[in-house]
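Student: Take a close look at one loop for me, please. Start with the backbone there, then work outward to what the rest of the chain is doing.

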Amino acid sequence: MAAAGLASALASLAASAATPTLRLDLHHTGGRGVDIYAVDRVVVEPLPWPGHPDRAVDTGDFGGYRFEVRDAATGRLLHARGYDSIHAEWISTAEAETRHRTFHESLRFAMPAGPVDVVVQRRNEQQAFVAVWQTRVDPADPFVERAPPPAQSLVAIERNGEPADKVDLLLLGDGYTAAECAAKFTSDARRMADALFRHEPFRSRRSDFNVWGLCPPSGESGIARPSTGVHRRTPVGATYDAFGSERYVLTFDNRSLRDVAAWAPYEFLTILVNGATYGGGGIFGTFATVAVDNDWADYLFVHEFGHHFAGLADEYYTSPVAYESAGKVVEPWEANVTALLDPARLKWADLVEPGTPVPTPWPKAEFEERQREFQERRKQIRAERRPESVMSALFREEREFTTRLFATSSHAGQVGAFRGARYDALAYYRPQLDCVMFTRDEVPFCRVCQRALEGVIDLYAGPRAGR
Ligand SMILES: [Zn+2]
């Protein structure tokens, strides 16, 4: 965007919504027998609150966590959102059995008129939210941090209206040198946005989105990959190997991340990692990541955004992941997976055509047999540190196989309950044979995923016109 255009965009951002953005930064410490929240700081962000005042309370039921902001004097609910956190993923790893760790988290909301109580809720074993911590926040407290963090220059990748009326998606570059920020970042960001808007429901709702870009320059190109001896200190700290999974990219430096991101109006945030090695991640309401130069970047971006945007579960179950097995099976809260404990009350029953068998047969044994082979070869390629093109070729072979296999299935394209999902071959079921949340095949989101995604668009941008 030209300098004049950007200046006017920023001026209209400042003028359009006078309500500032308040951010509560937390330390969340946990492990065996320990679960402690502690206030780090309360920050007034430099840009106004990008949300719509009529849609401050989350009407969905997604997320392992939820936070509420209540007026301290009256108890009136001012703001609520479901979310998930890195801590919530870490607590299910083997490491959490033997160590304590601290994770930094942020809760953002519109500046209240007076003191508020911020309540963090977590799901119990019956999946109901119960309060686990609360703290009072007084916006008039002199220790609220009002000085802005070091400025970043905002790029409008796609602007369709005022932030309050739109879903505001921030694409934040990490591992880009200053020269790469200038020459490469914007085209990477546009390419990722285009990939998202090729998929429904985003394609039909494109004008309900703004897409913003920020690119804090790195000293060196690329991000950390400790498993291969690559170490980097990048501006927001994205790194491969999160929780020991070589393809899992996260940042554990949330404090730096939020200070950079504060220079964009945003509700959703994907970190564009300047690298070609396959990897990404996505946490509901927190952030997503993607390696933009990988051959599968379009797929990765869209898949990880599904996690981040609507808390969609992975529908796959044959890849190695960082989690330990879940133990007792309860109905998961994620919209797109079910334990099918009561087939008569399938949560997406209204989308199942009469006559479709539930559970729904599919060529599971054949799929799993080839998957075992693919996963072995995948491990081997990483162990031998073969070039990324070898991995991409394996993924293409895998895609050709599943596409061919699934074409023979008589229930392809139907909504039912297909066994195998959420890292478990037996306990969970997915809604359709194939989906962006299941394979790297060139397929749309399944209809259940599409409906969940559309609900979140409505929460931020209002219902689609004409309905
Ligand atoms: Zn799906």
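Tutor: Pro359 sits in the loop that runs between α5 (297–310) and α6 (364–383). This is a predicted model, and it places a cis peptide bond between Val358 and Pro359. Omega there is about -5 degrees. Most peptide bonds are trans. A second cis bond joins Glu200 to Pro201, with omega at about 5 degrees. Pro201 also belongs to a loop, the one between α3 (178–196) and β10.

Now the phi angles. Most residues other than glycine have a negative phi. Arg385 is not a glycine, yet its phi is positive, about 50 degrees. Follow α6 onward to find it: Arg385 is in the loop between α6 and α7 (388–407). Arg385 counts as exposed because it has 8 C-beta neighbours inside 10 Å. Gln127 is another such residue, with phi near 75 degrees. Gln127 lies in the loop between β6 (116–123) and β7 (129–137). It is exposed too, since 12 other C-beta atoms lie within 10 Å.

Next, the domains. The domain assignment lists domain 1 (20–137), domain 2 (155–311) and domain 3 (343–454). The C-alpha centres of domains 2 and 3 are 25 Å apart. At their contact, 16 residues of domain 2 meet 16 residues of domain 3. On the domain 2 side, 8 of these are nonpolar, 5 polar and 3 charged.

Then the core. The largest nonpolar core holds 110 residues. Leu170, Leu172, Ala261 and Val290 have the most contacts inside it. By element, helix α8 (residues 447–461) contributes the most, with 9 residues. Take Leu170 as a way in. Beyond its neighbours within four places in sequence, Leu170 contacts Trp212, Leu214, Ala261, Ala264, Tyr266 and Leu269.

Ala261 leads to helix α4 (residues 254–261), where 6 of the 8 residues are buried. Those six are Asn254, Leu257, Arg258, Asp259, Val260 and Ala261. Note the charged side chains Arg258 and Asp259 in that list. Several strands help to cover the buried residues of α4, including β1 (20–31), β5 (101–110), β9 (167–174) and β10 (209–214). Also among the covering elements are β12 (250–251) and β13 (268–273). The helix lies across β1 and β5, and it runs at about 25 degrees to β5.

Those two strands belong to a sheet. It is open, has 3 strands in the order β2-β1-β5, and its pairing is antiparallel. β2 (34–48) and β5 are the edge strands, each pairing on one side only. From one strand to the next, the twist averages 20 degrees. Between β1 and β5 there are 10 bridges. Arg23 stands opposite Arg108 of β5.

Look at Val39 in the edge strand β2. How exposed is Val39? It is partly exposed, because 13 other C-beta atoms lie within 10 Å. Val39 and His27 are 12 residues apart in sequence, but their C-alpha atoms are 6.4 Å apart in space. Leaving out residues up to four places away in sequence, Val39 touches Leu24, Leu26 and Thr135.

Back to the core through Val290, one of its most connected residues. Val290 is part of strand β15 (residues 287–291), and 5 of the 5 residues in this strand are buried. In a regular strand the side chains alternate between the two faces of the sheet. Here Phe287, Thr289 and Ala291 point one way. Ala288 and Val290 point the other way, and both sets are buried.

Which strands pair with β15? One is β13, joined to β15 by 4 bridges and running parallel to it. Ile271 has Thr289 of β15 as its bridge partner. The other is β14 (residues 280–283), with 4 bridges and an antiparallel course. There, Gly282 is bridged to Ala288. β14 and β15 form a hairpin with 3 residues between them. In that turn, Gly285 has a positive phi of about 70 degrees.

Notes:
Residues numbered from 1 in each chain as written. Predicted model: local features only at pLDDT ≥ 70, side-chain atom pairs only at ≥ 80, totals over all residues. Domains from an automatic or database assignment. Contact = placed C-beta atoms within 7 Å. Core = buried A, V, L, I, M, F, W, Y, C linked by C-beta atoms within 7 Å. Buried ≥ 20, exposed ≤ 12 C-beta atoms within 10 Å, placed from the backbone. Pairing = 2+ DSSP bridges. Axes fitted to C-alpha atoms, helices over the stretch in contact; angles between N-to-C directions.
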